[in-house]
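Colleague: I am new to this structure, so please choose a single part, take a close look at it, and then follow its contacts into the surroundings.

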Amino acid sequence: MPAPRKILLVEDDAAIACDVRLVLEKEGYHVAHVWDGNAAIAAITPQNETPDLILLNLQLGKDLDGPDTAQQLLLLGNIPILFLYSPADLCLIKKAAPLAVYGYVDQHSLSAVLLPSVQAALRLHETRQVA
């Protein structure tokens with residue numbers, strides 16, 4: 001049996017973080033949670049296991065927003081990033097557009113689209129690694 005996939009959740013809203021974690025852990029994913037972009041960047045080190053996927057809130061409340069955090073994370077390694085967003089985040093969605101991320105998940109429809117989006121991002125990343 002393969003080891004559980006590791007997901008780094010970067011979310012500053014406790015309720016959303018709890019919902020995401022519950023959905024993913026119920027499906028067998030291992031979820032590590034950090035509250036802001038700086039903590040996410042600090043978590044990607046040679047001493048830590050690299051996550052299989054990063055779920056990153058576009059609108060983080062401290063220092064770095066989602067696109068700025070993603071830009072820094074992409075410099076640290078080839079880890080797929082999937083953004084969590086709210087429809088009100090239009091400016092941040094436009095800011096994130098040039099980044100090589102694996103998609104966007106609406107925070108208000110987590111139960112319907114989170115798992116298929118995570119699974120699709122992981123499959124796409126694996127396909128890109130083989131090619």
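Modeller: In this predicted model, helix α3, which runs over residues 66-76, has Gly66, Pro67, Thr69, Ala70 and Leu73 as its buried residues. Viewed down the helix axis, these buried residues fall within an arc of 155°, so they line one face of α3. At the start of the helix, a side-chain oxygen of Asp65 comes to within 2.9 Å of the backbone nitrogen of Asp68.

The buried residues of α3 pack against two helices, α2 (37-43) and α4 (90-96), and against two strands, β3 (53-57) and β4 (81-85). Both of these strands belong to an open sheet of 5 strands, paired in parallel and ordered β2-β1-β3-β4-β5. At the edges of the sheet are β2 (30-34) and β5 (104-106), each of which pairs on one side only, and from one strand to the next the twist averages 25°.

Following β4 further leads to the aromatic side chains, where a search of the whole structure finds 2 aromatic pairs. One of them is the stacked pair of Phe83 and Tyr104, with 5.6 Å from centre to centre and 25° between the planes; because Phe83 lies in β4 and Tyr104 in β5, this pair ties together parts that are 21 residues apart in sequence. Phe83 counts as buried, at 0% relative accessibility, whereas Tyr104, at 32%, counts as partly exposed. The rings of Tyr85 and Tyr104 have centres 6.3 Å apart and planes at 85°, so this pair is edge-to-face, and Tyr85, in β4, is 19 residues from Tyr104. Phe83, Tyr85 and Tyr104 form one aromatic cluster.

Notes. Residues numbered from 1 in each chain as written. Predicted model: local features only at pLDDT ≥ 70, side-chain atom pairs only at ≥ 80, totals over all residues. Heavy atoms only, no water. Pairing = 2+ DSSP bridges. Helix = DSSP H or I, 4+ residues; strand = E, 2+ residues; numbered from the N terminus. Axes fitted to C-alpha atoms, helices over the stretch in contact; angles between N-to-C directions. Buried < 20%, exposed > 50% of the residue type's maximum accessible area, 1.4 Å probe, protein only. Arc of directions from axis to C-beta. Contact = heavy atoms within 4.5 Å. Polar contact = N/O pair within 3.5 Å; in protein donor to acceptor, adjacent residues only side chain to side chain. Phe/Tyr/Trp six-rings, centres within 6.5 Å; stacked < 30°, edge-to-face > 60°.
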